[in-house]
Amino acid sequence: MSVFRDDFLWGGACAANQFEGAWDVDGKGASVPDMCTNGSHTVPKWVTTTIHPDRLYPSHEAIDFYHHYEEDIALFAEMGFKTFRTSINWTRIFPNGWETEPNEKGLEFYDRVFDCCKKHGIEPLVTISHYELPYALVEKYNGWASRELIGFYMNYCKTIFERYKDKVKYWLTFNEINAGMMAFGQVLSTGTVQGYEGPAMGAPDDPQTRLQALHHQFVASAQAIIYAHAHYPQFKMGCMLAYGQSYAMTCDPDDQLANQQSMNEHNWYCGDVHVRGEYPYFAKRLWKELGVEIRMEPEDAETLKKGVVDFYTFSYYMTSCVTTHKDVEGIGGNLLGGVKNPYLKASDWGWQIDPKGLRYALNEIYGRYQIPLMVVENGLGAYDEKGEDGVVHDSYRIDYLRSHIEQMAEAVKDGVDLMGYTPWGCIDLVSASTGEMAKRYGFIYVNKFDDGTGDLSREKKDSFYWYKKVIATNGEDL
Ligand code: BGP
């Protein structure tokens with residue numbers, strides 16, 4: 001008998017800016033990623049002040065899901081997807097972010113996408129904001145650094161809630177809302193400025209602006225949840241974090257404390273606000289040490305308290321180690337800094353593969369919050385090569401996913417309430433951290449390459465058939 005619930009939400013995950021393409025079609029405005037060039041994807045244009053006309057803008061065409069959605073969703077259905085996580089691109093609905101009237105053509109596109117999902121019995125899981133802030137809001141308001149964005153976000157939420165109320169039940173307010181805390185950790189530890197385009201989008205890399213921007217996002221999320229619960233009782237509202245599991249490198253109490261603080265800053269700071277409705281006990285000291293003063297309106301505390309989430313979701317790719325000792329080797333990774341764990345192997349991009357860390361993480365999160373959890377991103381970015389038969393034989397990807405599903409099953413046996421699993425990039429798409437197509441995650445191969453060539457045709461990889469079997473047996477036959 002399967003340990004997973006009968007209604008377990010098996011599926012896959014994508015984000016509009018990384019796969020839709022059609023960046024300026026049907027009235028769409030420019031989102032932040034539309035201004036980022038290949039090779040400098042995490043350094044938005046306004047940070048470098050250099051435009052590279054010779055480089056490609058990966059989001060502009062991406063894999064053109066905009067015109068291939070029927071074919072792609074049919075392939076997801078063939079794998080047996082119960083759910084499909086995607087985002088709505090804010091700039092399709094409000095091109096500059098501040099309009100009061102929505103763009104009808106943008107709304108119609110998502111009508112078509114969600115109707116197509118429904119036709120195939122697939123439940124959409126929608127991220128409201130997945131690194132897709134309207135660029136105009138960055139230019140005019142310095143992004144989330146401005147409190148005015150809360151109003152624009154609410155207008156956007158009200159519009160899409162009303163429009164899709166009969167088509168979408170599961171919503172996530174912000175993708176990886178804690179990404180700024182991660183990058184921010186890197187700012188603190190390495191002194192380098194990472195122009196990460198996440199929560200502190202458009203904000204300079206000073207702690208005051210970042211944490212203030214994050215506060216605005218928390219209030220926006222809470223307001224959206226309160227509104228949704230009041231008007232659409234059928235909705236389930238979730239948060240989404242880049243869960244950064246780290247371990248202390250040694251049993252030196254200094255390492256243990258450093259790791260505890262890292263976990264606090266990276267994970268619990270945001271998680272606690274979303275789930276418990278208030279800043280955690282350690283926030284005051286953190287603000288003091290950083291010289292930060294969060295400007296709050298009198299009603300904010302109550303808003304945060306009322307606007308708590310129904311379920312907690314997160315991305316999980318790797319783990320890292322924390323140490324105060326200076327003589328250890330570092331690792332790469334998109335958000336998690338930290339040092340190399342000698343017990344783990346890494347992907348081609350240096351992301352340390354740690355399936356047991358997923359069981360550990362699920363227990364940590366559930367132990368703290370006791371609400372349903374969902375793993376909404378996980379997977380192996382790899383250089384896929386076609387075999388002589390023209391097929392991608394991605395046994396390495398199957399191994400990665402199998403070992404993580406095994407550990408999810410262990411966590412369920414431990415008592416964790418797990419609702420679902422949507423591996424990242426179920427169809428090949430543009431990488432968020434590098435802007436590459438070459439870093440592929442999909443069950444479905446897309447003939448699109450980093451120089452912009454490729455006919456965009458779709459092909460099934462070995463993992464496609466494997467995942468289909470996994471879903472058909474509710475995770476029993478791995
Ligand atoms: C997460 C983002 C995704 C996705 C994923 C994989 O941080 O939420 O958008 O891209 O990472 O990262 P990458 O594309 O850099 O390999």
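A residue counts as buried here if 20 or more other C-beta atoms lie within 10 Å of its own. By that yardstick, 51% of the 478 residues of the protein chain are buried in this predicted model. The chain is built from 16 helices and 14 strands. Much of its contact map links distant stretches of sequence: among contacts with a separation of 6 or more, 75% join residues 24 or more positions apart.

A good place to start looking is a run of parallel strands. Strand β7, residues 311-315, pairs with β11 in the parallel sense, and four bridges hold the pairing. Within it, Tyr312 has Leu373 of β11 as its bridge partner. Strand β11 itself spans residues 373-377 and also pairs with β12, again in the parallel sense, this time over three bridges. Here Met374 is matched with Gly420 of β12. To get from β11 to β12, the chain passes through helix α15, residues 395-414, and the resulting β-α-β crossover is right-handed. Another residue to pick out is Val375, which stands opposite Tyr421 in β12. Strand β11 is also mostly covered, with five of its five residues buried.

The run carries on past β12. Strand β1, made of residues 9-13, pairs with β12, which covers residues 418-421, in the parallel sense over two bridges. Tyr421 turns up again in this pairing, as the residue in β12 that Trp10 stands opposite. So how is β12 placed among these strands? It pairs with β1 and it pairs with β11. Helix α6 is next, running over residues 104-119. Its 16 residues reach 22 Å from the first C-alpha to the last, close to the 22 Å expected at 1.5 Å a residue. Buried in α6 are Gly106, Phe109, Tyr110, Val113, Phe114 and Cys117. These residues sit on the same side of α6, because they cover an arc of only 120 degrees around the axis. On the other side of α6, Glu104, Asp115 and Lys119 are exposed. The buried residues of α6 pack against several elements: the helices α4, α5 (90-93) and α8 (148-164), and the strands β2 (83-87) and β3 (123-127). Just past the end of α6 comes Gly121, with a positive phi of about 70 degrees.

Helix α16, residues 462-472, can be read in much the same way. Ser463, Phe464, Tyr467 and Val470 are its buried residues. They cover an arc of only 125 degrees around the axis, which puts them on the same side of α16. The packing partners of the buried residues of α16 are α4, α15, β13 (444-446) and β14 (458-460). Helix α4 is listed for α16, and α4 is listed for α6 as well. Just after α16, Asn474 takes a positive phi of about 50 degrees.

Phe464 of α16 also gives a way in to Gly442. The two residues are 22 positions apart in sequence, and their C-alpha atoms are 8.4 Å apart in space. Gly442 itself is found in the loop between β12 and β13. Is this loop glycine buried or exposed? Gly442 counts as buried, because it has 29 C-beta neighbours inside 10 Å. Leaving aside residues up to four places away in sequence, Gly442 touches Gly425, Cys426, Ile427, Asp428 and Lys461.

One more loop deserves a look for its backbone angles. Most residues other than glycine have a negative phi. Ala62 goes the other way, with a positive phi of about 50 degrees although it is not a glycine. Ala62 lies in the loop between α3 (58-61) and α4 (65-79). Asp64 lies in the loop between α3 and α4 too, and its phi is also positive, near 55 degrees. How do their surroundings read, buried or partly exposed? Ala62 is buried, with 27 other C-beta atoms within 10 Å. Asp64 has 17 other C-beta atoms within 10 Å, so it counts as partly exposed.

Terms used
Residues numbered from 1 in each chain as written. Predicted model: local features only at pLDDT ≥ 70, side-chain atom pairs only at ≥ 80, totals over all residues. Pairing = 2+ DSSP bridges. Right-handed = clockwise from strand over helix to strand, strands pointing away. Buried ≥ 20, exposed ≤ 12 C-beta atoms within 10 Å, placed from the backbone. Contact = placed C-beta atoms within 7 Å. Arc of directions from axis to C-beta. Expected span 1.5 Å × (residues − 1).
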